[in-house]
Amino acid sequence: MCWNKIVTTGIVVVGIALLSGCGGKTEKMEGSETFLSKPVSIVNFTFDGSPSQLTFSKVPQRVIVTRPEILDVLICLGVSDKVVAASFPMNTKDRIPYYKEKIPHAVIVEGELDKETALIQNPDFIIGWRMSFRNGALGDVSFWKEKNIPVYIEENSGPVPSVDPFPPSTVDGEMNFIRNMGMIFGKEEKAGEIISEVETVLKELQEKAKGKKPVCVLTVEFMRDKIEIFGDKLLSGDIIKRLGSSNINYEVPFISAEELRTAEPEAIFLIYHGGDRDRELAMSRFKEAPLSNLRAVQADRVYPLEYKYICAPNVKTKGSIEVIYKDLYE
């Protein structure tokens, strides 16, 4: 279901600038377009996880993004002037004023972005989370390929690895996304700086964790009558492992309350989607028996973990690592 509400429109300003990256110039000016010094070729995915080849000979000038996390990357790379439209999920609408200042020339859609709204913007590149390319939203990658408009699905953007062909979500996947954006926009040097900062923090906390007792962790999210499991194959699980602790895994993405009751983790990371009310509602599930009898609950080791830290945080991956380390060991 789409709730499209255009909250701001403006004149698209296409900035044409001479950009630099690692090893000297990475772009050259030719006419009104900004060409890369050499073509960039990247393997990405379709909605169902099949490989999709992308090739760029010039820097995209009319970009659509479907999540604020992706927009954060382009802002950090200094190419937000290329963005002509951005969509924001309803639970992130409080962040719109900040982004309106960053991309005052762009159309901002509150809710889901659909094909018609996207086509009006005449995009030459679309970057989004996987679910943005389902039927009823932007549609599959093939629709845009037929129009010669490349589509990039962020690697860690919400697949369920145990039931689909996407690779596991990892810190390396997040860094790969930033690296690829740097190559596509001719900003390799800046992308490298962002990646180096994340890798430095991870290495420092890995060293600190060596003197700590490993923790057996279960990461869950309550979804109506289902309990979703975030194990080794999702970003939170990868960070937990890299910091020296372990995850409780299941062969299926959802478990029952009875299975949760018998899991007996030392600590529980509880995923919620933002805001005090959502956090308190999620935590309330552990206030009554039988879940209140869990070892982790009795030891006061249930840690609310906002969804933004565990699904495609991109430039904020450093914060994800720091938050998880703190709950594991401090």
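**Salt bridges, helix α5 and two single residues**

Author: Lys213 forms a salt bridge with Glu266, with 3.0 Å between the closest N and O atoms; a salt bridge here is a side-chain nitrogen of Lys or Arg within 4 Å of a carboxyl oxygen of Asp or Glu. The pair ties together parts that are 53 residues apart in sequence, because Lys213 lies in the loop between α6 (188–209) and β12 (216–223) and Glu266 in the loop between α8 (257–261) and β16 (267–272). Helices (H or I, at least four residues) and strands (E, at least two) are DSSP runs, numbered from the N terminus.

Reader: What kind of model is this, and which pLDDT limits apply?

Author: The model is predicted: local features need pLDDT of at least 70, side-chain atom pairs count only at pLDDT 80 or more, and totals for chains, interfaces and linings use all residues. Residues are numbered from 1 along each chain as its sequence is written, and side-chain values use heavy atoms, with hydrogens and water left out.

Reader: Is Lys213 buried or exposed?

Author: Lys213 counts as exposed, at 60% relative accessibility. Its partner Glu266 is partly exposed, with a relative accessible area of 22%. Buried means under 20% relative accessible area, exposed over 50%, and partly exposed in between (1.4 Å probe, protein chains only).

Reader: How many salt bridges does the count come to?

Author: The count comes to 17 salt bridges. Among them is the one in which the side chains of Arg67 and Glu69 meet, at 3.0 Å from N to O. Arg67 is buried, with a relative accessible area of 13%, and Glu69 is buried at 5%.

Reader: Where do Asp238 and Arg242 lie?

Author: Both lie in helix α7 (residues 235–242), four residues apart, about one turn of the helix. Their side chains meet in a salt bridge of 3.0 Å, N to O. Asp238 is buried, with a relative accessible area of 8%, whereas Arg242 counts as partly exposed at 27%. Elsewhere, salt bridges that share partners join Asp72, Arg95 and Lys316 into one network.

Reader: Changing topic, how many disulfides does a search of the whole structure find?

Author: The search finds zero disulfides, a disulfide being a pair of cysteine sulfur atoms within 2.5 Å. As for individual cysteines, Cys216 is partly exposed, with a relative accessible area of 23%, and Cys311 is buried at 4%.

Reader: Now α5: how many of its residues are buried?

Author: In α5, 10 of the 14 residues are buried, so the helix is mostly covered. The buried residues include Val171, Glu174, Phe177 and Ile184. The helix reaches 20 Å from its first C-alpha to its last, close to the 20 Å expected at 1.5 Å a residue; the expected span is 1.5 Å times one less than the number of residues. After α5 comes Gly186, whose phi is positive, near 65 degrees.

Reader: And Met183, what is it in contact with?

Author: Leaving aside neighbours within four places in sequence, Met183 is in contact with Leu36, Val40, Ile42 and Glu188, where contact means heavy atoms within 4.5 Å. Met183 lies in α5 (residues 171–184) and is partly exposed, with a relative accessible area of 27%. Met183 and Ser41 are 142 residues apart in sequence and 9.3 Å apart in space, C-alpha to C-alpha.

Reader: Finally, where does Ser80 lie?

Author: Ser80 lies in the loop between α1 (68–77) and β8 (83–88). Ser80 is buried, with a relative accessible area of 15%. Beyond its neighbours within four places in sequence, Ser80 is in contact with Leu74, Ile75, Lys102, Ile103 and His105.
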